[in-house]
Amino acid sequence: MAKKAKPDVCPATTIDDLPPRRKAILAAAYDVLMEQGYAGASTLEIATRAKVSKRELYAEFGSKSGILEALIATTAARMQVPLAPAELADRADLAAALTRYGVTALTELTHPAVLAINRLAVAEAGASSELGHILDRQGREPNRKALVLLFSRAQAVGFVGDGDPEQMSGVFFSLLFGDLMLRLMLGVIATPRPREIERRAALATQAVLALFRP
């Protein structure tokens, strides 16, 4: 199988806080995935590049899909950090929490390594949806739930109006990203810079709070 071109990025930028062995395995897994695809990636190759034994690899992650789930879940967990400690004393606190979440979501999801994994899932979807299911289960779903919970808490204390918190969450994400992900996946625009990310997060927050005003 011909090797695929790998983006010139360092996947460890999203896994810096992990223990060295776990970090090495996930970084190696990313490299092998980009070169061989999910179906062609072998745990032996990943273990060899990470300089660990297959026994150590399986003890750490259990399976190849476990490695991928951990790689994706790491990003998902980082996105939820701004929501976890949020105290909602007023609408300003809610706006601050949404803006922080928006900045983190945009930063993580537009990282070239994350885009590359998403492109790979789309490319392999015709033959197998396993990677797509892992992305949905470990990436999209935890963050959707975290955002829905934030809107539910805000609604309970009267900071947003009536409506379905899931719909509010979906509207916020749509306002936040628009067609950005599609254009990035197609490679027709550059990764947004921090100032643009902050601007998009602030505008999405203002718009969603105006739409669901109590």
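## The largest pocket

The largest pocket has a lining of 32 residues, and those nearest its centre are Leu109, Asn118, Gly139, Arg140 and Phe173. Keep in mind as you explore that this is a predicted model. The volume of the largest pocket is about 700 Å³.

Which helices build the lining? At least two residues each come from helix H4 (64–80), H5, H6, H7, H8 and H9. H7 supplies the largest share of the lining, with eight residues. Sorted by class, the lining holds 19 nonpolar residues, nine polar ones and four charged ones. If you would like a general picture of how such spaces are found, rolling a probe the size of a water molecule over the atoms shows where empty space is left.

## Two nonpolar cores

Now turn to the nonpolar cores. In soluble globular proteins, nonpolar side chains tend to be buried together. Here the largest nonpolar core has 30 residues, and the members that touch the most others are Leu94, Leu98, Leu147, Leu150, Phe172 and Leu176. Two or more residues of this core come from each of helix H5 (91–109), helix H6 (112–124), helix H7 (130–156), helix H8 (165–177), helix H9 (180–186) and helix H10 (194–211). H5 makes the biggest contribution, seven residues.

What does leucine 94 touch, once its neighbours within four places in sequence are left aside? Leucine 94 is in contact with Leu88, Leu150, Ala154, Phe159, Val160 and Leu209. There is also a second, separate core, which has 29 residues, including Ala41, Ala50, Leu57 and Leu131.

## A close look at helix H6

Helix H6 lets you try a simple check with a ruler. The helix has 13 residues, so at 1.5 Å a residue it should span 18 Å. The C-alpha atoms at its two ends are 18 Å apart, which agrees with that expectation.

Several residues of H6 are buried: Ala113, Val114, Leu115, Ala116, Ile117, Leu120, Ala121 and Glu124. Try finding them in the structure above.

## Three residues to visit

Start with glutamate 35, which sits in helix H1 (residues 20–40). Is glutamate 35 buried or exposed? Its relative accessibility is 12%, so glutamate 35 counts as buried, the cut-off for buried being under 20%. Glutamate 35 and isoleucine 67 are 32 residues apart along the chain, and their C-alpha atoms are separated by 16 Å.

Next comes alanine 156, a residue of helix H7. With 68% relative accessibility, alanine 156 counts as exposed, because exposed means over 50%. Between the C-alpha atoms of alanine 156 and glutamate 108 the separation is 29 Å, and these two residues are 48 residues apart along the chain.

Last on the tour is lysine 51, in the loop between helix H2 (43–50) and helix H3 (54–61). Although lysine 51 is not a glycine, its phi is positive, at about 60°. Lysine 51 has a relative accessible area of 75%, so this residue is exposed.

Notes
Residues are numbered from 1 along each chain as its sequence is written. This is a predicted model: local features need pLDDT of at least 70, side-chain atom pairs count only at pLDDT 80 or more; totals for chains, interfaces and linings use all residues. Side-chain values use heavy atoms; hydrogens and water are left out. A nonpolar core is a set of buried Ala, Val, Leu, Ile, Met, Phe, Trp, Tyr and Cys residues joined through side-chain atoms within 4.5 Å. Buried means under 20% relative accessible area, exposed over 50%, partly exposed in between (1.4 Å probe, protein chains only). Helices (H or I, at least four residues) and strands (E, at least two) are DSSP runs, numbered from the N terminus. Contact means heavy atoms within 4.5 Å. On a 1 Å grid over the protein atoms alone, a cavity is a set of points where a 1.4 Å probe fits but cannot get out, and a pocket is an open set with protein on both sides within 12 Å along at least five of seven lines; lining residues have an atom within 4 Å of a point. Grid points are joined across faces, edges and corners, and a volume is the space filled by probe spheres set on the points. Ala, Val, Leu, Ile, Met, Phe, Trp, Tyr, Cys and Pro count as nonpolar, Asp, Glu, Lys and Arg as charged, and the others, Gly among them, as polar. The expected span of a helix is 1.5 Å times one less than its number of residues.
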